[in-house]
Amino acid sequence: MGKFAELEKIGAILPVIGEKSALLVTGTDKPNTMTIGWAMASVMWGKSVFVAPVRKSRYSHELLETHGEFTVLIPSGDMKKTIAVCGSKSGRDTDKIAACGLTLEPSSAVRVPHIKAPGLVLECRVIYKTDFVEEALDEEVREKWYSGGNAGDLHTLYFGEILAQYEQA
């Protein structure tokens, strides 16, 4: 695939994530998956990059800190039940892969496996990370997304260089 085709595909994934959400997998010994409904994809530092926000309280945050790699499945089929389970249960307490009947396969460019299901797979290596700073957030954003039960539970942005991307049937 030529560089232009790759960039075209990156631009096309964001509306799909906003509409359906996606599944991120990280960890190698005991991989965990989580739902992501927010994301960014772009070109930075001359690389195709996928940016995944993960709250510090999440088990996936711990695994990303340890492993520094992740895969993303942007499903092309209906995975509403899986998305709901993976967005409401913690990998600390539940094997969400087993609970959802998901199958993992080895990835080609990272050690973290990917979910075998119809859709677009991205294999990413973290090349940068940064934490949200509460004082820097717009007041309206802070009030809507980081108050009540989420107070102080800010996201880390993981910038993953896309090392491989492919569609699965």
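This is a short dialogue on reading a predicted model.

Visitor: Where do I start? Which helices and strands does the protein have, and how many?

Guide: Start with the count. The protein has five helices and nine strands. Then read along the sequence: the pattern is α-β-β-β-β-α-β-α-α-β-β-β-α-β.

Visitor: What is the order of the strands in the open sheet?

Guide: Order in a sheet is read from one edge to the other. Here seven strands form an open sheet in the order 2-1-5-8-9-4-3, and the pairing is antiparallel. At the edges sit strand 2 (32-36) and strand 3 (40-44), each pairing on one side only. From one strand to the next, the twist averages 35°.

Visitor: How many bridges join strand 8 to strand 9?

Guide: Twelve bridges do, between residues 119-131 and residues 155-168. These two strands run antiparallel. For one facing pair, look at cysteine 124: isoleucine 162 in strand 9 stands opposite.

Visitor: Which strands does helix 3 touch?

Guide: Helix 3 (residues 80-88) packs on the sheet and touches strand 1 (22-26) and strand 2. The direction of helix 3 makes about 105° with that of strand 2.

Visitor: Now the surface. Which residues make the nonpolar patch?

Guide: Trp38, Val141 and Trp145 make a patch of about 250 Å². Tryptophan 38 lies in the loop between strand 2 and strand 3.

Visitor: Why does tryptophan 38 count as partly exposed?

Guide: Because its relative accessibility is 34%, and partly exposed lies between under 20% for buried and over 50% for exposed.

Visitor: And what share of the protein is buried?

Guide: Buried residues are 46% of the 169. The protein exposes about 8,700 Å², with carbon and sulfur atoms supplying 52% of that.

Key: Residues are numbered from 1 along each chain as its sequence is written. This is a predicted model: local features need pLDDT of at least 70, side-chain atom pairs count only at pLDDT 80 or more; totals for chains, interfaces and linings use all residues. Side-chain values use heavy atoms; hydrogens and water are left out. Two strands pair if DSSP finds at least two bridges between them. Helices (H or I, at least four residues) and strands (E, at least two) are DSSP runs, numbered from the N terminus. Axes are lines fitted to C-alpha atoms, for helices over the stretch in contact, and angles run from 0 to 180 degrees between N-to-C directions. Contact means heavy atoms within 4.5 Å. Patches are made of residues with over 30% relative accessible area and no salt bridge: like charges are joined within 9 Å, nonpolar side chains (Val, Leu, Ile, Met, Phe, Trp, Tyr) within 5 Å. Accessible areas come from the Shrake-Rupley method with a 1.4 Å probe; for residues, only the protein chains shown count as cover. A salt bridge is a side-chain nitrogen of Lys or Arg within 4 Å of a carboxyl oxygen of Asp or Glu. Buried means under 20% relative accessible area, exposed over 50%, partly exposed in between (1.4 Å probe, protein chains only).
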